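Biologist: Got a minute to go through this one with me? Put the sequence and the structure up and we can talk it over.

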Amino acid sequence: MIGAALLLLIASFFPFFTYDGNCPVDSCSVSAWSRSTLPMLPTVHLLGLVAAGLFLAARLLPDGRKLLGLALDQWGMVLCLVVGWAGIWSLVAVIFPDLDQPGITGDPNEKWVLSAGAYLTLVFSLALAAVGALSTTAAALKAPLLPAPKPTPYGAPQQGGYGYPGGPQPGQPGPYGGQPQGGYGYPGGPQQAGPGQPGQPGQPGQQQAQQPGPAAGGGAPDPNFQPFWFAVPVTRPLFGEDGSPQPVAELAPGTWYLAVEQRGGALVAQTQDGRRGVLQDTSGIQRG
């Protein structure tokens, strides 16, 4: 798309009309940038650049951007077709208006013939129209130019902050209640306090991991399960641990969630605001 638009712009600098014979003036080469060929320049050559720019913006900007009710790539496709249509009619253009008046003899355009710029304009305008039309049907032309962003950790814009996949940092508060580095319930942390270690305030020194009973419709908790971070490929509901059919939360792609328990083929996940629920569909999840 971009290549066809740039070639179409280059074609505008080539002679569109040339004089067949001895030139009676200093220059008998007329390009698309001459006023005598207007409005061909803005409706063919420059409009092709605008169409390519709209397609590029549609691939780089987030989905859903619209202009006057149409998506940016839809505008680009329409303008590509306009460029191809106008490029075809440019071949019948004349440099002087036809004069059919008494006393006027001869055709002023008789020795002005189309040159290389006219044929290049036709070829590249049709190429741009073809690519624009295929962009709505060919999967290869609809692929994004930039890779999809990776899931963003909860609550911290800095990559590798405490409690997130990629590198915990000692001494920094965690995203779930400010537990110290390696605290219970986070990836890599112990599941119970070691001998002789003081417990949390209000808790016994020998901290035991909670073992909730099985959720309705789910299996028994796995005693060997280790919490981990994960992201979902698509939006998925999180159901209550009591087996309620109504979702208690919704997991969105692009965000890390904490899996705190496994019950059969389902996971008990915790959201940013502390809500817990059962993720029944665990297919395609990305582990942190």
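What follows is a short chat about the chain as a whole, its helix contacts and a few residues.

Biologist: Before anything else, what kind of model is this?

Modeller: It's a predicted model, so keep that in mind for every number below.

Biologist: Fine. How many helices and strands are there in the chain?

Modeller: The chain has four helices and 12 strands.

Biologist: And what share of the residues is buried?

Modeller: Of the 288 residues in the chain, 34% are buried. The accessible surface is about 16,800 Å², and carbon and sulfur atoms hold 60% of that.

Biologist: What about contacts between residues far apart in sequence, say 24 or more positions?

Modeller: Taking contacts with a separation of 6 or more, 57% are between residues 24 or more positions apart.

Biologist: OK, helices. How do H1 and H2 cross?

Modeller: H1 covers residues 2–11 and H2 covers residues 40–60; their axes come within 8 Å and cross at roughly 160 degrees. Since an angle over 145 degrees counts as roughly antiparallel, that is what H1 is relative to H2. The crossing is left-handed.

Biologist: Which residues meet there?

Modeller: On the H1 side you have Ile2, Ala5, Leu6, Leu8, Leu9 and Ala11, and they meet Val44, His45, Leu46, Gly48, Leu49, Ala52 and Leu56 in H2. By type, the residues of that contact come to 11 nonpolar, two polar and no charged.

Biologist: Leu46 is on that list. Is leucine 46 buried, exposed or partly exposed?

Modeller: Leucine 46 is partly exposed, because its relative accessible area is 31%, and the partly exposed range runs from 20% to 50%. Leaving out residues up to four places away in sequence, leucine 46 touches Leu9, Trp33 and Leu41.

Biologist: How far is leucine 46 from alanine 5?

Modeller: Their C-alpha atoms are 8.5 Å apart, with the two positions 41 residues apart in sequence terms.

Biologist: Does H2 have other company? I mean, how does H2 sit against H4?

Modeller: H4 is residues 116–134, and the axes of H2 and H4 come within 11 Å, crossing at roughly 25 degrees. Angles under 35 degrees count as roughly parallel, so H2 is roughly parallel to H4. H2 passes H4 in a left-handed crossing.

Biologist: And what makes up the contact of H2 with H4?

Modeller: H2 brings Val44, His45, Gly48 and Phe55, while H4 brings Thr121, Ser125, Leu128 and Gly132. Those residues divide into three nonpolar, five polar and no charged.

Biologist: Switching topic: where is the cis peptide bond?

Modeller: That bond joins leucine 38 and proline 39, with omega at about 5 degrees. Proline 39 is in the loop between strand S2 (29–31) and H2.

Biologist: Last one, alanine 259. Which strand is alanine 259 in?

Modeller: Alanine 259 is in strand S9, residues 257–263.

Biologist: Why does alanine 259 count as buried?

Modeller: Because its relative accessibility is 0%, and the cut-off for buried is under 20%.

Biologist: What does alanine 259 touch?

Modeller: Setting aside residues up to four places away in sequence, alanine 259 touches Phe225, Pro227, Phe228, Phe230, Leu267, Val268 and Ala269.

Biologist: And how far is alanine 259 from arginine 276?

Modeller: Alanine 259 and arginine 276 are 17 residues apart along the chain, and their C-alpha atoms are separated by 9.4 Å.

Technical notes: Residues numbered from 1 in each chain as written. Predicted model: local features only at pLDDT ≥ 70, side-chain atom pairs only at ≥ 80, totals over all residues. Heavy atoms only, no water. Helix = DSSP H or I, 4+ residues; strand = E, 2+ residues; numbered from the N terminus. Buried < 20%, exposed > 50% of the residue type's maximum accessible area, 1.4 Å probe, protein only. Contact = heavy atoms within 4.5 Å. Areas by Shrake-Rupley, 256 points an atom, 1.4 Å probe, with all protein chains shown as cover. Axes fitted to C-alpha atoms, helices over the stretch in contact; angles between N-to-C directions. Parallel < 35°, antiparallel > 145°, perpendicular 65-115°, else oblique. Left-handed = near helix turned anticlockwise from the far one by under 90°. Nonpolar A, V, L, I, M, F, W, Y, C, P; charged D, E, K, R; others polar.
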